[in-house]
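Work through the exercises below with the sequence and the coordinates open. Each task is followed by a solution in steps.

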Amino acid sequence: MTSPSSDSVARITLMVHPCGLRLGGEIDRAAHPRLARALAWAVAVCGGDVRLDLGGLHFIDAGALRLIGQVAAGLPAPRRLIVDAVPPLARRLLGVLGWKVGQGNRLCPARNGHARPGPKDAAPPEPIP
């Protein structure tokens with residue numbers, strides 16, 4: 001049996017300045033509990049915005065991005081969750097989940113405040129001639 005490569009191992013590093021987390025490797029279902037604990041730490045310790053540096057990721061699954069989105073949605077104003085160095089795959093998955101990276105790298109929910117697009121986001125039906 002071979003050991004996993006260092007790229008496939010989930011790396012979650014606590015950062016003090018800027019306050020938040022650095023994620024690397026592959027964040028999959030097995031890493032969700034560690035990610036949840038680390039996010040809870042960051043929310044509790046960071047007095048203001050929480051930063052996530054995603055530059056070291058090779059893979060992140062939709063469940064981990066949902067978890068990150070839930071944390072972003074739960075931060076009371078004016079606190080924000082800021083994502084840096086978002087890999088293209090993660091950016092596409094965020095869009096599928098109804099999130100976007102907005103101005104200043106802030107993670108923003110869909111317009112109706114939910115992570116999934118709802119009826120308010122749908123275009124009105126075309127009139128029948």
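**Exercise 1. Surroundings of I27**

Task: in this predicted model, list what I27 is in contact with, leaving aside its neighbours within four places in sequence.

Solution. Start from the element: I27 lies in strand β2. Collect the residues with heavy atoms within 4.5 Å. The contacts of I27 are A10, R11, I12, L35, L57, F59, I60, D61 and A64. Take F59 from that list and check the separation: I27 and F59 are 32 residues apart in sequence, yet their C-alpha atoms are 6.1 Å apart in space. Last, check the exposure. The relative accessible area of I27 is 0%, so this residue counts as buried.

**Exercise 2. Strand β2 and its partners**

Task: state with which strands β2 pairs, and in which sense.

Solution. Take β1 and β2: they pair in the antiparallel sense over five bridges. The two form a hairpin, with four residues between them. In this pairing R11 stands opposite G24 of β2. Next take β2 and β3, which pair in the parallel sense over seven bridges. Here E26 has F59 of β3 as its bridge partner. Finally, count the buried residues of β2: six of its eight are buried, so the strand is largely enclosed by the rest of the structure.

**Exercise 3. The nonpolar core**

Task: find the residues with the most contacts inside the largest nonpolar core, and the elements that supply this core.

Solution. The largest nonpolar core has 33 residues. Those with the most contacts inside it are I27, L35, I68 and L81. Now assign its members to elements: β2, α1, β3, α2 (62-74), β4 (81-84) and α3 (88-96) each give two or more residues. The largest contribution comes from α2, with six residues.

**Exercise 4. H32 at helix α1**

Task: is H32 buried or exposed, and which side chain does it join in a polar contact?

Solution. H32 is found in helix α1. Its relative accessibility is 19%, and the cut-off for buried is under 20%, so H32 counts as buried. Then look for polar partners: the side chains of H32 and D61 are joined by a polar contact of 2.9 Å. Not counting residues up to four places away in sequence, H32 touches D61, G63, A64 and L67. Compare with Exercise 1: D61 and A64 are also among the contacts of I27.

**Exercise 5. Cysteines**

Task: how many disulfides does a search of the whole structure find, and which parts of the chain are tied together?

Solution. The search finds one disulfide. It is formed by C19 and C46, with their sulfur atoms 2.0 Å apart. The angle about the S-S bond is -90 degrees, and the link is left-handed. C19 lies in the loop between β1 (11-15) and β2 (20-27), and C46 in the loop between α1 (32-45) and β3 (50-60), so the pair ties together parts that are 27 residues apart in sequence. Both cysteines of the pair, C19 and C46, are buried. C108 is buried as well, at a relative accessible area of 16%.

**Exercise 6. The chain as a whole**

Task: give the order of the elements from the N terminus on and the share of residues that count as buried.

Solution. The chain has three helices and six strands. Their order is β-β-α-β-α-β-α-β-β. Of its 129 residues, 37% count as buried. The accessible surface comes to about 7900 Å², and 58% of it belongs to carbon and sulfur atoms.

Note on methods. Residues are numbered from 1 along each chain as its sequence is written. This is a predicted model: local features need pLDDT of at least 70, side-chain atom pairs count only at pLDDT 80 or more; totals for chains, interfaces and linings use all residues. Side-chain values use heavy atoms; hydrogens and water are left out. Buried means under 20% relative accessible area, exposed over 50%, partly exposed in between (1.4 Å probe, protein chains only). Accessible areas come from the Shrake-Rupley method with a 1.4 Å probe; for residues, only the protein chains shown count as cover. A disulfide is a pair of cysteine sulfur atoms within 2.5 Å. A nonpolar core is a set of buried Ala, Val, Leu, Ile, Met, Phe, Trp, Tyr and Cys residues joined through side-chain atoms within 4.5 Å. A polar contact is a pair of N or O atoms within 3.5 Å; within protein, one must be able to donate a hydrogen and the other to accept it, and residues adjacent in sequence count only if both atoms are side-chain atoms. Two strands pair if DSSP finds at least two bridges between them.
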